[in-house]
Amino acid sequence: MNPSFFVRDIPIHGELILSPMAGFSDIPFRLICKEYGMAMSYTEVISMDGVLWKNKKTCKLLEFRQKERPVIFQILGNDEDKIVEACRMIEPLGPDIIDVNMGCSVSDIAGKGAGAGLLKNPVKIGRIFHKLTRTLRVPITGKIRLGWDEKSRNYLEVARILEDNGASLIAVHGRTRSQFFYGKADWNAIAEVKQTVKIPVIGNGDVRCVADIERMKRDTGCDGVMIGRAAIGHPWIFQRKDRDQITATDKIVLIQRHLSLMLEYYGQDIGVILFRKHATKYIMGMPNASELRPRLVTCNSPEEIIDLITSHYNCIKKHVAA
């Protein structure tokens, strides 16, 4: 199969990418999404300071499996020298690509000049990418928003600076920082970025179903589509299947597998706790999900989770049959 696009010299087979989401884009979920057709595997965002301090939690986030490749480490920071040093430290761990996060809207991060806070200083972004692309061997990419707020939508300026300073790809979330995840994503802005630069562009924002994937590709001309919240509890979207196309049996089988991967990676106690938020997403759209959800988030064993969901489905089947 011919690559859909290249990140510098790295072929990317496929157009759909899981957005790097803190607390969700871990190894178990990434492995499932990869099996279902995800084209590139972004880690959860990695703190520059966590790398420099050799924080255990940060080191855990840098783990990946060979079958995930191409793997992208996404770094977050606001100090240009420290971010370069942190990237030099993580490059030997074997990522295919390193991505700089310029889209995180969390106040404690953006307010201190990291994440979307970097968009306030395009010149600084240029210096960071100039140093990174001349220091590291792997391709350097960036994920941006449209600007800090509606009065400072500088996405085209930032896109040009990224390309001019050696970036190999730009992912664009079609909202400003001040929008957080509210309001409508501006796909026209993503299209403008695609028309402005020669490097690949990934579109992100408001992709909730298969039809949205095709519309974003058509309306923006983007090379790839990044999917975030719509993939949680529904990795079938990477197979271009909507939620109403998935049978109850298919859901239960994948829930069991996902839970098993979580237990294997985290151990039983932590694995169960962390899986509960995934479980509440897998049941979205099913009858009486609102009644099942509060019971799921208090489950303390894998057996309890599976029994609860299976029993719920069986009750629904009996009710429909009656």
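A crossing of two helices is left-handed if the near helix is turned anticlockwise from the far one by less than a right angle, and right-handed if clockwise. The structure is a predicted model, in which local features need pLDDT of at least 70 and side-chain atom pairs count only at pLDDT 80 or more, whereas totals for chains, interfaces and linings use all residues. Residues are numbered from 1 along each chain as its sequence is written, and side-chain values use heavy atoms, with hydrogens and water left out.

In helix α4 (residues 80-90), the buried residues (under 20% relative accessible area, 1.4 Å probe, protein chains only) are E80, I83, V84, A86, C87 and I90. These residues span an arc of only 160° around the axis, which places them on the same side of α4. Their cover includes α2 (48-52), β6 (71-76), β7 (97-102) and α6 (122-135). At the start of α4, a side-chain oxygen of D79 lies within 3.0 Å of the backbone nitrogen of D81.

The axes of α4 and α6, as lines fitted to C-alpha atoms over the stretch in contact, come within 10 Å and cross at roughly 30°. The two helices are therefore roughly parallel to each other (angles under 35 degrees), and the crossing of α4 and α6 is right-handed. In contact (heavy atoms within 4.5 Å) are E80, D81, I83, V84, C87 and R88 of α4 with K124, R127, I128, K131, L132 and T135 of α6.

A second helix pair comprises α8 (residues 187-196) and α9 (residues 210-220), whose axes come within 8 Å and cross at roughly 50°. This angle makes α8 oblique to α9, a class for angles that are not under 35, over 145 or 65 to 115 degrees. W187, I190, A191 and K194 of α8 form the contact with D212, R215, M216, D219 and T220 of α9.

Definitions and conventions: Buried means under 20% relative accessible area, exposed over 50%, partly exposed in between (1.4 Å probe, protein chains only). Helices (H or I, at least four residues) and strands (E, at least two) are DSSP runs, numbered from the N terminus. The arc is that of the directions from the helix axis to the C-beta atoms. A polar contact is a pair of N or O atoms within 3.5 Å; within protein, one must be able to donate a hydrogen and the other to accept it, and residues adjacent in sequence count only if both atoms are side-chain atoms. Axes are lines fitted to C-alpha atoms, for helices over the stretch in contact, and angles run from 0 to 180 degrees between N-to-C directions.
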